[in-house]
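Q: Please take a close look at one strand in the interior of this protein and at what surrounds it. Then go on to the side-chain pairs elsewhere in the chain.

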Amino acid sequence: EAAEGVVTRTLEGSSAAFGDVTVYATVGFPVPSRTSSTSVSMSGNYSMLSFVIPAGSWPENVTTGLTVSVFDLPEAITGGGDDLTGAGGQVFSVIGQAIDLGPEGATFDPPVTISCPFPPGSYGGKTIKVFKYDTATSEWVEKDSPSGVSSAVDFVSGSVQAETDSFSPYVAVAVTPKPQQPPPVVSVSSPEATLAFTPP
């Protein structure tokens, strides 16, 4: 079951905290296999987005499949393109539309692989990552890239992957590199002379 077309509505679960948002596409997938890995993809304008559920990851007590909605986070959350600071101290800016995943409250072991969209192009040396927005704490949290993947970012199609063990609102961000710190100056003193040098 899939739907594309811009609508304004309130999402379910933790994303309901955003109120009415602009939703660009929504798709629901069948319940994945518990005995083999399941890979699904969206279609149309969001065909670059794929999701991988490893064997045994989908909870036995969850009887509905994965749902995905692509939507715009409110500017009050994204900062309107201004730099934001994550829970780990990273400085970043939101560059893509967010995804809302369901069912709400499901947890996964091993983690599932998700992907988020962003406008294709060059980002001047910035690192493209997936962050989740914790609606309970109002914090941005970086998600790990999938293990065993040579590159989690596709700059041509405009998608970035990450692993997660639970569902929340997720979005692609551009992380600003941390500035290089100058090496320390070490002083060596003796009764005869004081030397100062910079370690290599």
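A: The account below starts with strand 8 and its partners, then turns to the cores, the ring pairs and the salt bridges.

This is a predicted model, in which local features need pLDDT of at least 70 and side-chain atom pairs count only at pLDDT 80 or more, while totals for chains, interfaces and linings use all residues. Residues are numbered from 1 along each chain as its sequence is written, and side-chain values use heavy atoms, with hydrogens and water left out.

Strand 8 (98-102) is mostly covered, as 5 of its 5 residues are buried. Buried means under 20% relative accessible area, exposed over 50%, and partly exposed in between (1.4 Å probe, protein chains only). Strands are DSSP runs (E, at least two residues), numbered from the N terminus. In a regular strand the side chains alternate between the two faces of the sheet. Here Ala98, Asp100 and Gly102 lie on one side and Ile99 and Leu101 on the other, and both faces are covered.

Strand 8 runs antiparallel to strand 5, to which 5 bridges join it; two strands pair if DSSP finds at least two bridges between them. Within this pairing, Ala98 is the bridge partner of Phe71. Strand 8 also pairs with strand 14 in the antiparallel sense, over 2 bridges, and there Ile99 stands opposite Tyr170.

Ile99 and Leu101 also belong to the largest nonpolar core, which has 32 residues; together with Met42, Phe51, Leu66, Val68 and Ile114 they touch the most other members. Such a core is a set of buried Ala, Val, Leu, Ile, Met, Phe, Trp, Tyr and Cys residues joined through side-chain atoms within 4.5 Å. Strands 2, 4, 5, 8, 9, 10, 13 and 14 each supply at least two residues of this core, and strand 9 gives the most, with 4. Val68 touches residues including Ile99, Asp100 and Leu101, as well as Met42 and Phe51, not counting residues up to four places away in sequence; contact means heavy atoms within 4.5 Å. A second, separate core of 17 residues includes Phe71, along with Leu11, Ile77 and Leu84.

Phe71 is also part of a cluster in which ring pairs link Phe18, Phe71, Phe92, Phe131, Tyr133 and Trp140. The whole structure holds 9 aromatic pairs. Rings of Phe, Tyr and Trp (its six-membered ring) pair if their centres lie within 6.5 Å; planes under 30 degrees apart count as stacked, over 60 as edge-to-face and the rest as tilted. Phe18 and Tyr133 form a tilted pair, 5.9 Å centre to centre with 40° between the planes. This pair links distant parts of the chain, 115 residues apart: Phe18 is in the loop between strand 1 and strand 2, and Tyr133 is in strand 10. Phe18 is buried at 11% relative accessible area, and Tyr133 is buried at 9%.

Strand 10 also carries Lys129, while Glu142 lies in strand 11, so their pair ties together parts that are 13 residues apart in sequence. The two form a salt bridge, with the closest N and O atoms 3.2 Å apart; the rule asks for a side-chain nitrogen of Lys or Arg within 4 Å of a carboxyl oxygen of Asp or Glu. Lys129 is buried at 16% relative accessibility, and Glu142 is partly exposed at 30%. By this rule the count comes to 2 salt bridges. Arg34 and Glu60 also meet in a salt bridge, at 3.6 Å from N to O.
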